[in-house]
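Let's take a walk through this model together, one stop at a time. Keep the structure open beside you and turn it as we go.

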Amino acid sequence: MTITADHGYDDLPRLMSLMTGDEKHDFAATSTLDVLWVLYDRVLDVTPERAEATDRDRFLLSKGHGPMAYYAVLAAKGFVPEEWLPGFGSYDSPLGHHPDRVLVPGAEIGSGSLGHGLPLAVGSALGLRAQGLTDPAVWVLIGDAELDEGSNHEAIAYAGAAGLDRLHTVVVDNASASHALPGGIAARFEAANWSTSTVDGRDHAALYEAFTAPHPGRPHAVVARVEPKNAR
Amino acid sequence: METMRDRFSAVASRLLDEDPRVAVVLAAIGRDAFTAAARRHPDRLINVGIREQLLVGAAAGLSLTGMRPIVHTFAAFLVERPFEQVKLDLGHQDTGAVLVSAGASFDWPAGGQTHMSPGDVALLDTLDGWTVHVPGHPDEAETLLRHAVAAGDDKVYVRLSLQRNRLPLPVDGARFHTVREGRAGVVVAVGPMLDAVLAATEGLDVTVLYATTVRPFDAAALRRATEAAGTDVVLVEPYLAGTSTRVATEALADVPHRLLGLGVGRRELRRYGTLDEHLAAHGLDARGLRERIGAFVGAGAVSA
């Protein structure tokens with residue numbers, strides 16, 4: 001088993017093609033790719049060696065479908081061996097079409113059913129705070145259509161009221177919700193006392209700036225806009 | 001008179017003092033009983049408001065960071081409303097919590113159907129790995145709660161009720177307790193059904209087992225009881241009738257047996273009133289139980 005870390009962004013197309021079997025796959029069309037890369041490459045304080053450390057940063061992939069970019073990033077950063085990628089979705093593979101935290105090293109949660117990640121992230125932030133672990137950040141990635149699930153709105157309202165300032169949500173917005181939120185996605189978070197940034201979800205510098213913006217006393221939401229799903 | 005729920009809030013508050021892993025997670029309901037604990041432990045007494053999906057999801061998140069969450073609200077809003085959170089955030093995430101419900105099948109009959117939850121244990125029975133405690137007295141509720149919190153990261157359900165037996169029995173968080181021994185049948189009384197079962201079986205030559213931990217089901221105790229008392233078995237449960245017939249018949253799979261599952265009926269009564277009136281309506285008062293248990297074990301004797 002070879003764990004090959006220290007791959008770069010340019011290695012991701014090859015890693016993803018190991019799963020899709022399609023050399024021509026338009027990897028850049030994967031809505032989450034750049035967000036995931038910037039987080040794992042420059043923002044999150046977590047490594048394969050620190051994957052069990054109590055004070056690691058937590059990243060929870062709530063939008064679990066289409067996880068090829070996630071697995072590619074985990075492979076690039078050495079959490080999972082590259083050899084696992086070609087088996088994607090097969091009976092003996094730990095890598096399913098939705099991730100399972102019990103099977104995938106580095107995956108903080110299993111996902112697939114939408115609307116579970118943000119409440120789990122709220123609980124994680126509460127748990128770290130209760131243990132005096134004020135440094136680790138908790139991140140959760142959701143999709144704009146996933147935001148339709150009411151469980152998210154329970155979590156958004158509570159997290160703002162509770163001032164969970166170590167909680168971060170990134171909403172990857174490819175305009176796939178059946179009914180777009182009037183006033184935009186960020187407005188929902190702002191109304192619940194979150195700090196927000198809305199940026200180009202393909203612009204690594206802008207993503208990094210949004211991810212690292214200070215937000216004292218409040219949770220932080222980053223809306224990462226990518227090309228609309230139906231425009232492709 | 002002290003209720004199981006009174007005891008729960010007092011004991012859970014003490015557990016917050018004693019064990020830094022413990023957190024109590026509420027959805028508004030029950031918060032008044034934790035006012036003092038909330039002052040002492042503002043980071044571990046968590047009230048998310050009336051948000052039950054978040055209640056269970058956040059509890060699972062707490063558990064993922066190493067905490068031991070105790071989650072409390074009415075059974076209908078703890079197990080039934082956020083069932084997918086129970087199934088996925090605790091089950092699929094392979095984490096744990098102690099779910100402590102109030103309200104039971106019809107603790108507040110005047111509140112009507114929306115606050116009744118006779119199906120909670122049957123629903124949990126579709127999932128793997130749950131321990132289910134059904135205390136019949138506040139003392140037993142305390143013992144079983146302490147067992148539940150101490151059970152590592154297990155998934156544990158503690159079903160509190162206003163319905164209770166007059167006196168507590170020793171409970172160990174695992175096994176059935178033999179209350180009475182006979183030779184013409186075995187009656188398993190679950191939690192708060194015991195007093196009515198004892199009254200109903202007065203003069204009948206049956207063994208009465210008392211069950212406060214129903215999952216895992218103490219199959220060995222049932223089998224042992226049938227050796228002397230025969231394999232006519234009656235289950236008397238304070239929730240949906242027949243909830244435990246599957247596990248009882250599995251326990252006796254290799255011997256001929258007769259099985260009667262008594263409990264709360266499926267039909268919605270659309271009645272208010274009192275707990276006693278609802279117990280009688282479902283045939284779970286001593287008179288109703290006597291008729292059905294007597295006919296069943298009597299019929300068994302004739303056919304044998």
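Start at Asp94(B), which takes a positive phi of about 60° just after helix H5 of chain B. Bear in mind, here and throughout, that this is a predicted model. The helix that comes before this residue, H5(B), covers residues 83-92. Its buried residues are Gln85(B), Val86(B), Leu88(B), Asp89(B), Leu90(B) and His92(B). Within chain B, the elements that cover them include H3, helix H4 (75-80), strand E4 (97-102) and strand E6 (155-159). Chain A takes part as well, since its own H4 is among the elements covering these buried residues.

That brings us to the place where the two chains meet. Chain A brings 23 residues to the contact and chain B brings 25. On the chain A side, H4 and H5 each supply at least two residues. H4(A) gives the most, with 11 residues. By character, the chain A side divides into 11 nonpolar, 9 polar and 3 charged residues.

Now follow helix H5 of chain A, which runs over residues 150-162. Does its length fit what a helix should give? What span should its 13 residues have at 1.5 Å a residue? The expected value is 18 Å, and the end C-alpha atoms are 19 Å apart, which agrees. The buried residues of H5(A) are Ser151(A), Asn152(A), Glu154(A), Ala155(A), Ile156(A), Tyr158(A), Ala159(A), Gly160(A) and Ala162(A). As you look at them, recall that an α-helix has 3.6 residues a turn, so residues three or four places apart point the same way. Within chain A, the buried residues of H5(A) pack against helix H4 (117-130), strand E2 (138-143), strand E3 (167-173) and helix H6 (185-191). Across the chain boundary, they also pack against helix H3 (52-64) of chain B. Just after H5(A), Gly163(A) takes a positive phi of about 65°.Further along chain A, two residues that are not glycine also have a positive phi. Ala175(A), with phi near 55°, sits in the loop between E3 and H6 of chain A. Asn193(A), with a phi of about 70°, lies in the loop between H6 and strand E4 (195-200) of chain A. Are these residues buried or exposed? Ala175(A) counts as partly exposed because it has 14 C-beta neighbours inside 10 Å. Asn193(A) has 16 such neighbours inside 10 Å, so it too counts as partly exposed.

Step back to see chain A as a whole. Chain A has 7 helices and 5 strands, and read along the sequence they follow the pattern α-α-β-α-α-β-α-β-α-β-α-β. The radius of gyration of chain A is 17 Å, close to the 17 Å that the globule rule gives for 232 residues, so the chain is as compact as a globular protein of that length. Its C-alpha atoms fill a box of roughly 45 × 45 × 35 Å along the principal axes. Buried residues make up 48% of the chain. Of the contacts in chain A between residues at least 6 apart in sequence, 76% join residues at least 24 apart.

Back in chain B, the domain assignment gives domain 1 (4-159) and domain 2 (177-303). Their centres, taken over C-alpha atoms, are separated by 27 Å. Where they touch, 23 residues of domain 1 are in contact with 21 residues of domain 2. On the domain 1 side, the elements giving two or more residues are helix H6 (120-124), strand E5 (130-133) and helix H7 (138-150) of chain B. E5(B) provides the largest share of that side, 4 residues. The residues of this side divide into 12 nonpolar, 7 polar and 4 charged.

A database record adds a label here. An unreviewed UniProt entry places the feature "domain: Transketolase-like pyrimidine-binding" at residues 2-167 of chain B. In the model, that span is 41% helix and 18% strand, and its end C-alpha atoms lie 13 Å apart.

Two stops remain, further along chain B. Thr178(B) lies in strand E7 (residues 177-180). With 14 C-beta neighbours inside 10 Å, Thr178(B) counts as partly exposed. Leaving aside residues up to four places away in sequence, Thr178(B) touches Thr207(B), Leu209(B) and Ala225(B). Thr178(B) and Thr207(B) are 29 residues apart in sequence, yet 7.6 Å apart in space from C-alpha to C-alpha.

Finally, look at the peptide bond that joins Arg215(B) and Pro216(B): it is cis, with omega about -5°. Pro216(B) lies in the loop between strand E10 (213-215) and helix H9 (219-229) of chain B.

How values were computed: Residues numbered from 1 in each chain as written. Chains lettered and ligands numbered in written order. Predicted model: local features only at pLDDT ≥ 70, side-chain atom pairs only at ≥ 80, totals over all residues. Buried ≥ 20, exposed ≤ 12 C-beta atoms within 10 Å, placed from the backbone. Contact = placed C-beta atoms within 7 Å. Expected span 1.5 Å × (residues − 1). Domains from an automatic or database assignment. Nonpolar A, V, L, I, M, F, W, Y, C, P; charged D, E, K, R; others polar. Rg over C-alpha atoms; globule rule 2.2 N^0.38 Å. UniProt positions renumbered as here; feature names shortened; annotations may be inferred.
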